[in-house]
Amino acid sequence: MPYVFDFDHSHRRPPMEMKDLLGGKGANLAEMTSVLGLPVPPGFTISTDACRSYMEGGWPEGLSGEIARARGRLERAMGKEIGDPVDPLLVSVRSGAKFSMPGMMDTVLNLGLNDQSVEGLAKQTDDERFAYDSYRRFVAMYGRIVLGIPGEEFDSLFGAAKELAGTPSDARVPTELLRYLVESYQQIVERHTGVPFPQDPGDQLQGAIEAVFRSWNGPRAVAYREREHIPHTLGTAVNVQAMVFGNRDDRSGTGVGFTRDPATGARGVYGDFLVNAQGEDVVAGIRNTEPLPALKRAFPSVYRELMDVFDRLERHYRDMCDTEFTIEQGKLWMLQTRVGKRTGRAALKMAVDMTREPKIHLSRAEAVCRITEDHLSSVLHPQFSATGHQVIAKGLAASPGAAVGRAYFTADSAEEAARRGEHVVLVRNETSPEDVHGMLAAEGVLTARGGLVSHAAVVARGWGKPAVVGAESLRIGPHSFNAGDVTVREGDWISIDGSSGEVVAGKVELTVAAPPPELDVVLGWADEIRAEELGVRANADNGEDAANARRLGAEGIGLCRTEHMFLGEERLPVVRRMILAEGEDEEREALEQLREVQREDFVSILEAMDGLPVTVRLLDPPLHEFLPSLEELAIKKATTGHSDEERKLYEAAKSWQEVNPMLGTRGVRLGVIKPGLYAMQVRALMEAARQRVAAGGHPVVEIMIPLTVSREELALARSWVEEAIAGAAVAEEASNGRRRPSRRGGAPSPDSSGIEVKIGTMIETPRAALRAGEIAEVADFFSFGTNDLTQMTFGFSRDDVEGRLMSAYLDKGLLQRNPFETVDRDGVGELVQVATDRGRATKPELKVGVCGEHGGDPASILFFYGAGLDYVSCSPYRVPVARLAAAQAVVAAGRGPTRSQGSSRGGATKAAARRAAGPGTARRGVKKAAPRAAKAIGAVRSQRSPRAQKASKARSQGMLGASKPRSQGVLGASKPVKAVRRGSGAHNGKRAGRRH
């Protein structure tokens, strides 16, 4: 297959669909040229295949010949030759990866100029100043990008030239000084490289192409890809394009434009332009720009043509487009287009608006799929909680939300401060791609120069970070800035509001922003799409969190960690009394006190989630986590001595200490040693449920046994739970003078209060996953604890590995993603798939969910849906993200409503078909299961008993049961939806490792 493709090459399918090969920029240039017929300067694209070959083994064989032939076609099309001393053709060499990476890779402009062709350019244009300004720019850019010379050496000379000329404007530096600068720049090159500046256009071109290839693995590009989770193996395409010049004269200019406002989503003209400038001047923020509507006054006919192009692009791409354009002596040229990055508020508004616009007519499913996790996070960014604070400067509101932090003036110092745990605001005159690591570390960004499409603005919006740009009144030095008579030094607190452009000295209290109305609309559509397909619950441990989760749209609680209820200031001493008890009576008394306080906790949670399922996990961590540090007690013993209570605590801490607590006496193992603990918790839960029934509520209770690894273990624990449920019912009936009806069968029946209880287990060890078929015999549901499952599958201690090892593993490509952030599909994921399939082979109606932190990660949610899970559970503030991601997973699989107005119907049947198909089945838009997973799952299916096969058939016919009504909260939709949500939970204890 060839490496090089002309923009007007006859492609077998629309070029815009060929981003894997042509990169995003090349694909869109070809689309604009060959499909839309827009005024695009001719050129050609060197494919991503060539970049990958270059990275693997150097300059690819045959590439030079292809480039030479493409160069010849370009020169014939333009009627000029690159490097011609009489009438030279100049070209740009730009990167263009599959996924947009604004400013992260390198570009070389004005390529083809040398000591002879610059004179030809001056004669052809009758503008010697323009020719030498272009040559000056080229030598500096080539020296910095291709030859690796520090840019400051060129910048300092140019700054001195402007000072000598007595002008702050690049365009007013006289020709004589530009000639001098070119010679001085060439001397810098020879001093650094030992050879003169290259004069041969072929050498220049190959050097620029190699530089773009190398920039794919540059530090800023790697950091950006890691932040955006873009694979490092994709490579970049290179686009060689005939230059057009916005810096020819005052009838020329350059700009960037959006077909809608990327900050608010409003329709209308939006962007920046400069007269007599090149494109880099706009995006780098070096010169303050004019708003795009001003183009109408300066170039009225060009403005009308540009508006027509904007309209055609929106119709064609069915989305907001980001464009770059140049005006050369009155003629419009389109240099680039792409689907534009946008803020969360803008993304939501555009998605909703475009479903109502006939020219675009998005379906609801398409609208939902255009919203990202970052979009949702950004609309919930905090804002200044009060007014009246002293504003010391005001700039452009480039990326919404407020940020408070200490001011740091370099990317390196910002990153170092963030590593120390400080909140940071990065303050720069303007940012460049070299600042990306500092921007990543910062809470927000403040610049003195640049417009709303400057580097700082675009990157901050893409990452959902608050930003204020173009605050021209700031005078920024190396370690401080002045705003009028106010001086802010490095390390001082400042506050910025990216929604208003305000800059405030000191700390301003922040408050959560009110989300736009479109958020409810989009999440409502998401709920319709995922109805009966994938539910979303929350991880919550108290009534306040539960109520907040329901307000955010949670359809129940997937994980209530009861140990968190024991850590309050008034409760911890009671827990310790239970641990230190010297006899059964003393232990029973302590447990009774705990039962009373825990009952009240359960009442508040069940009340908040009335009518929705609440999964309560019985005590999980080892008891030493409720005791003081053994080391601290030992030091006190050696220094000041112990009191009687401290002596008992010290002995208990030594007794309960474990070498590896995560693998020690915790979960059901603790229940084996102290069964009274679980009995107390179950009794408290059932008393709370009955209290809710008496108050007219409808509690839905699920009790989860943690860390079981065998059928026998869960059967024993289940017997304790059933006995405690029965005992609680008998006690209540005795107090009310009623007789309790007898129970039949193994599972608890509704008691006299009509409360049904499901009993299940947390699958968090590889053995439990592999023996899931047996465990399912005595389980009503499974919930995957993927945090522990990941730790035990990899043999990683999360607390140690994430801080010490993970970054090295990611940098060296030993892991593609942090497995604690996104589920490891090939290992942990295979265990999830196998356990789900084996569990349902035994019990087709088995409900399966996930409550580890992966339940809040969109990529993991996509996998869990494909694996056949019923729900995900996440922390309350991740619930909106999980609702969105669940719907997107359904759309990716080709399920859910497909019409823009239709709601989901037949959800139970679809869910049954999905589960019956099995987690290893490939679906449209869902990554196929790893071969090992498919092989393992196939083996399980082949061993199914006739009973299991019959049950699976029943499942595929929709015999799954009805779903629960979903929350009617502020962000919730009004339609019934299956109950589930994704989540990340809090740490159970530093010493024992993270277990959720």
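A residue is called buried here when its relative accessible area is under 20%. The model is a predicted one, and by that cut-off helix H6 makes a handy place to start: Gly151, Phe154, Phe158, Ala161 and Lys162 are its buried residues. Looking down the axis of H6, these residues fall within an arc of 100 degrees, so they line one face of the helix. An α-helix has 3.6 residues a turn, so residues three or four places apart point the same way. The other side of H6 carries Glu152, Glu163 and Leu164, which are exposed. As for partners, the buried residues of H6 pack against helix H5 (128–145) and helix H7 (175–193). H6 itself runs over residues 151–165, and the distance between its end C-alpha atoms, 21 Å, agrees with the 21 Å that 15 residues should span at 1.5 Å a residue. Right behind H6 comes glycine 166, with a positive phi near 70 degrees.

Helix H2 (residues 48–57) can be read in a similar way. Thr48, Ala50, Cys51 and Tyr54 are its buried residues. They cover an arc of only 155 degrees around the axis, which puts them on the same side of H2. Turned away from that buried side is a face with the exposed residues Glu56 and Gly57. The buried residues of H2 have quite a list of packing partners: helix H1 (19–36), strand S2 (43–46), helix H3 (63–78), helix H8 (201–215) and strand S7 (236–242). Just past the end of H2 sits glycine 58, where phi is positive at about 85 degrees.

Then there is helix H22, which covers residues 584–608. From first C-alpha to last, its 25 residues reach 36 Å, close to the 36 Å expected at 1.5 Å a residue. Its buried residues include Ala590, Leu591, Leu594 and Arg595, along with Phe602, Val603 and Ile605. Gln598 and Asp601 of H22 are buried too.

Two loop residues are also worth a look. Valine 508 lies in the loop that links strand S24 (502–505) to strand S25 (510–512). With a relative accessible area of 12%, valine 508 counts as buried because that value is under 20%. Setting aside neighbours within four places in sequence, valine 508 touches Phe384, His389, Val404 and Ser495. Its C-alpha is also 8.1 Å from that of alanine 386, although the two are 122 residues apart in sequence. Glycine 785 is in the loop between strand S31 (781–784) and helix H30 (786–794), and it is buried, with a relative accessible area of 0%. Between the C-alpha atoms of glycine 785 and methionine 762 there is 6.0 Å, with 23 residues separating the pair along the chain.

Stepping back to the whole protein, there are 38 helices and 33 strands. Of its 996 residues, 58% are buried. Among contacts between residues at least 6 apart in sequence, 71% join residues at least 24 apart. The protein exposes about 39200 Å², and carbon and sulfur atoms supply 49% of that.

That leaves the empty space inside. Rolling a probe the size of a water molecule over the atoms shows where empty space is left. There are 7 cavities of 30 Å³ or more, and the largest has a volume of about 120 Å³. Lining this largest cavity are 14 residues, with Arg94, Met243, Val244, Thr326 and Leu335 nearest its centre. Strand S5 (91–97) and strand S7 each supply at least two residues of that lining.

Terms used: Residues numbered from 1 in each chain as written. Predicted model: local features only at pLDDT ≥ 70, side-chain atom pairs only at ≥ 80, totals over all residues. Heavy atoms only, no water. Buried < 20%, exposed > 50% of the residue type's maximum accessible area, 1.4 Å probe, protein only. Helix = DSSP H or I, 4+ residues; strand = E, 2+ residues; numbered from the N terminus. Arc of directions from axis to C-beta. Contact = heavy atoms within 4.5 Å. Expected span 1.5 Å × (residues − 1). Areas by Shrake-Rupley, 256 points an atom, 1.4 Å probe, with all protein chains shown as cover. 1 Å grid on protein atoms, 1.4 Å probe; cavity = no way out; pocket = protein on both sides within 12 Å on 5 of 7 lines; lining within 4 Å. Points joined across faces, edges and corners; volume = space filled by probe spheres on them.
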